[in-house]
Amino acid sequence: MVRAPAEVPPFAEAFARVRDEFGIPATFPEAVEAEAAAVERRGPVTPPGAPAGERRDARDIPFVTIDPPGSMDLDQAFHAERRAGGFRVRYAIADVAAFVTPGGELDVEAFVRGVTLYLPDGRAPLMPTTIGQGCASLLPDQERPALLWTIDLDETGATTAARLERATVRSRAQLSYADVQDAVDAGRAEESLTLLRTIGTLRLQRQGERGGLSLDLPSQEVVPAAGGGFTLVYDAPLPVEGWNAQISLLAGMEAATIMVRGGVGILRTVPPPDPVQLGRLRRAATALDVPWPERSRWSDVVRGLDRTDPQDAAFLIQAAHTLRGAGYATLDATNTSDPATVPVHAGIAAAYAHVTAPLRRLADRHANEIVLALCEGAEPPGWARDALDRLVETMEATTRLEAGVERAVVDAVECAVLAGHVGERFDAVVIDESRRGVTVQLKGVAIVAALAADIPLGERVAVVVTGVDPVARHVLLAPAASTS
């Protein structure tokens, strides 16, 4: 994620160009907005084919939401407590299926969009504001329909029981990551938030034991440079972001377990890195002075990084590129009868499903309905089950679009930042080969760029910024020696 002054030239022009190039919609069709308004007036209903029954009244549970400041599309609310032998986590998820009719205008448009796209100058949301930031969002002090996870853990953070059910909840507060981090660090957090740290830490330990890892990617932030212009730096995430992510991963892993057991569903998949990718990563480690003992796994190296160190942050960005080929897989008898054939997520080192962001991701709504039915011992709704193959195609296309937009935004920001540094010299390291020669990591700024030169991998080199091409979003570099 890149944070940049979206209204400042040349950033505004660059982001507008990205939106136009990728066809990112600025508004919703009138029919979609009309249905959203009608749904808001109507209120939540039980989705077609869902198990009948009353929602659990969970308004007494003091949930809170934890999100970036200013967020209004609040998908999850958290609460935890100690219990005999461990902990109980309650995790409320926005019940989007209670507002979206299968085959209706909202549903059709959701299949067009797939996910909420984020750019520095604003979002292209999955759902209209009326739904995504209104009646379906878990806003504070509002009664909301939700899908309620109740997950019991032992003292080591291992799951002992898990269940999903429909409920009505009422969040007590909308907190930012900084709010929670400050409260925990100062010792004034409520027990539930203190337990977020405890449980998050335990789950991180268990993840490491499985061979999984949390990338905790730093964001890239444009800041004013001392001599004028801008520079691009890494901004490390707060520890609470990692703890909170572990609760979401916990729910996703439990959902996967339930769907695998039921022989139906949809999983998020990532293949393990291949030797070529790991070789590139080792060169990046050498270039950035990141220790990598000979027998250590790459996941062990990533876990040992200091997210506040610029060199480690740069390496972490490169480590993320090793988890390529992310996709989705449907579940049936062919891949659930034998544990060895169950599709897994290599970064998590387990089977995993997207279920915790239904306001921002299409797949979650369908997966949640399947999990709900399986928890009730019922057949999943036909609309959710029958859409799985189409859902995989949609989500994989959306994943490619999302990655393309993100890469375009990063490239555009790098061009805008380095436009003020044309003629300047930077130390760099060759970390990969590219179509135009090699790829180098610049030291001192959070930028990776192509260099038209034949230089051995891992070599340290001085480069000069000779120009930028803001339309093609290319930074133009040359070896420093060739400019003298």
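In this predicted model, the largest cavity is lined by D73, T116, R123, P125, L126, M127, P128, T129, G132, Q133, L359 and R360. The space inside the largest cavity comes to about 50 Å³. Helix α4, residues 129-135, hands over the largest share of that lining, namely three residues. Sorted by class, the lining of the largest cavity holds five nonpolar, four polar and three charged residues.

How many cavities of 30 Å³ or more turn up? The count comes to two. The second largest cavity offers about 40 Å³ of space, and the residues around that space are V64, T65, I66, Q76, A77, F78, Y91 and N244. Two strands, β3 (64-67) and β4 (76-83), are the elements that give two or more residues to this lining. Here the class split reads five nonpolar, three polar and no charged residues. N244 is worth keeping in mind, since N244 of α7 turns up again in the helix contacts below.

Moving on to open space, the second largest pocket takes in about 230 Å³. Its lining is made up of T46, P51, A52, G53, E54, R55, R56, E165, R166, L372 and E376. Charge is well represented in the lining of this pocket, with six charged residues next to three nonpolar and two polar ones.

On to the helix packing. Helix α6 (residues 191-210) and helix α7 (residues 239-262) have axes that come within 8 Å and cross at roughly 65°. The two helices, α6 and α7, are therefore roughly perpendicular to each other. The crossing in which α6 passes α7 is left-handed. On the α6 side, the contact is made by L196, R197, I199, G200, T201, R203, L204, Q207 and R210; on the α7 side, the residues are V240, W243, N244, Q246, I247, L249, L250 and M253. Taken by class, this contact between α6 and α7 brings together nine nonpolar, five polar and three charged residues. N244 thus has two roles in this picture, as part of the α6 contact and as part of the lining of the second largest cavity.

Helix α7 also packs against helix α12 (residues 362-375), with axes that come within 10 Å and cross at roughly 65°. As with α6, the crossing is a left-handed one, with α7 passing α12. From α7, the residues in contact are A255, I258, M259 and G262, and from α12 they are A367, I370, V371, L374 and C375. Eight nonpolar residues and one polar residue make up the contact of α7 with α12, and no charged residues take part. L372, which falls within the residue range of α12, appears in the lining of the second largest pocket instead.

What about helix α8 (residues 275-287) and helix α10 (residues 310-320), and at what angle do their axes cross? The axes come within 10 Å, and the crossing angle is roughly 175°. That makes α8 roughly antiparallel to α10. In this pair, R280, L281, A284 and A285 of α8 meet F315, Q318 and A319 of α10. The class tally for the contact of α8 with α10 is five nonpolar, one polar and one charged.

Two spots in the backbone deserve a mention. Most residues other than glycine have a negative phi, and most peptide bonds are trans. The peptide bond running from P9 to P10, however, is cis, with omega near 5°. P10 sits in the loop between β1 (2-3) and α1 (11-22). The other spot is D141, which is not a glycine and yet has a positive phi of about 60°. D141 lies in a loop too, the one between α4 and β8 (143-154). Helix α4, at one end of that loop, is also the helix that gives three residues to the lining of the largest cavity.

How values were computed
Residues numbered from 1 in each chain as written. Predicted model: local features only at pLDDT ≥ 70, side-chain atom pairs only at ≥ 80, totals over all residues. Heavy atoms only, no water. Axes fitted to C-alpha atoms, helices over the stretch in contact; angles between N-to-C directions. Helix = DSSP H or I, 4+ residues; strand = E, 2+ residues; numbered from the N terminus. Parallel < 35°, antiparallel > 145°, perpendicular 65-115°, else oblique. Left-handed = near helix turned anticlockwise from the far one by under 90°. Contact = heavy atoms within 4.5 Å. Nonpolar A, V, L, I, M, F, W, Y, C, P; charged D, E, K, R; others polar. 1 Å grid on protein atoms, 1.4 Å probe; cavity = no way out; pocket = protein on both sides within 12 Å on 5 of 7 lines; lining within 4 Å. Points joined across faces, edges and corners; volume = space filled by probe spheres on them.
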